[in-house]
Amino acid sequence: MSDNLDTAGATAMLRAVAQAIIGQTDVLTDADLAIGDGDHGVGMRRGFEATLEALQAAPDTIDGAFKAAGTAIMSQTGGAAGAIFGTLFRSGSKAFAGRDTMDGPSFAAFLETGLDAVLKRGGVVEGQKTIIDALAPAARAARGAGDGLADVTAAAAQGALDGVEATKAMIATTGKARSLGERSIGHPDPGAISVSLILVAMRDFVAAA
């Protein structure tokens, strides 16, 4: 039995992601208070509340659904997170252009395309304690997980979770946490946590579909 998602399924998955982020606002706020200014949770909640609104009118295509989510995130989240997560979804949507189903390879391509766009926009690399440290390992894991959507989303989620754990040992060298220097060690990056929450929600949706 195929675990691929059609447009309605992909849209429902994005709604589940939005609900997951909204439900973890306090977790993201607490993580950001440790090494930032504490606004990450509220910003992400705003962006994903806007995503739910944007998806009320059912998109006609999978790439249209992801682009609508990215536009909502970019316009309502605010700050660097809005630009980065908006870019991830908007640019990543190109992986689904012309497709009526989401499968494992196209999902892996979504992560790779989105990662490439975020890297170009943010001017950061792995190891600087940013969302890249969850997104890059997630993209690599997804590409190596075969063709099944359930396997690919599970691998991506685990890659992101491992990446979040790895950020604890990193010294922040960019963004608001940079001023903390070695005091940022021991704390996970809030943006990386958000990546893991998104991918875990996607994994769980596909597993239950």
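In what pattern do helices and strands follow each other along the sequence of this protein? Reading along the chain gives β-α-α-α-α-α-β-α-α-α-α, that is, nine helices and two strands (helices are DSSP runs of H or I with at least four residues, strands are runs of E with at least two, and both are numbered from the N terminus). This is a predicted model, so keep the cut-offs in mind: local features need pLDDT of at least 70, side-chain atom pairs count only at pLDDT 80 or more, and totals for chains, interfaces and linings use all residues. Residues are numbered from 1 along each chain as its sequence is written, and side-chain values use heavy atoms, with hydrogens and water left out.

**Overall build**

- With a radius of gyration of 16 Å, close to the 17 Å that the globule rule gives for 209 residues, the protein is as compact as a globular protein of that length (the radius is taken over C-alpha atoms, and the rule is 2.2 Å times the number of residues to the power 0.38).
- Along its principal axes, the C-alpha trace spans about 50 × 35 × 30 Å.
- Buried residues account for 53% of the 209 (buried is under 20% relative accessible area, exposed is over 50%, and partly exposed is in between, using a 1.4 Å probe and protein chains only).
- Take the contacts between residues at least 6 apart in sequence: 68% of them join residues at least 24 apart (a contact means heavy atoms within 4.5 Å).

**Surface and charge**

- About 8800 Å² of the protein is exposed, and carbon and sulfur atoms supply 52% of that (areas come from the Shrake-Rupley method with a 1.4 Å probe, and for residues only the protein chains shown count as cover).
- There are 17 positive and 24 negative side chains, and the centres of the two sets lie 6 Å apart (Lys and Arg count as positive, Asp and Glu as negative, while His and the chain ends are not counted; each charge is placed at NZ of Lys, CZ of Arg, CG of Asp or CD of Glu).

**K168 and K129, two loop lysines in contact**

- K168 sits in the loop between α8 (149-167) and α9 (190-208), and counts as partly exposed because its relative accessibility is 31%.
- Beyond its neighbours within four places in sequence, K168 contacts K129, S184, I185, G186, H187 and P188.
- Its side chain also makes a polar contact of 3.1 Å with the side chain of E165 (a polar contact is a pair of N or O atoms within 3.5 Å; within protein, one must be able to donate a hydrogen and the other to accept it, and residues adjacent in sequence count only if both atoms are side-chain atoms).
- P190 is 22 residues along the chain from K168, with 11 Å between the two C-alpha atoms.
- K129 belongs to the loop between α6 (104-122) and α7 (132-143), and is buried, with a relative accessible area of 3%.
- The phi of K129 is near 65 degrees, a positive value in a residue other than glycine. Most residues other than glycine have a negative phi.

**Helix α9**

- S194 lies in α9 and is buried, at 0% relative accessibility.
- Leaving out neighbours within four places in sequence, the contacts of S194 are I21, L28, H40, M44 and F85.
- F205 is in α9 too, but counts as partly exposed at 22%.
- With the neighbours within four places set aside, F205 touches L5, G9, A12, M13 and A16.
- F205 and L14 are 191 residues apart in sequence, yet their C-alpha atoms are 9.3 Å apart.

**From α2 to α4**

- T25 is part of α2 (residues 25-35), and is buried at 6% relative accessibility.
- A polar atom of the T25 side chain lies 2.7 Å from the backbone oxygen of I22.
- Not counting neighbours within four places in sequence, T25 is in contact with G41, V42 and R45.
- R46, in α3, is partly exposed with a relative accessible area of 39%.
- R46 touches Q76 and T77, again leaving out residues up to four places away in sequence.
- Q56 is placed in the loop between α3 (40-54) and α4 (62-76), and its 64% relative accessibility makes it exposed.
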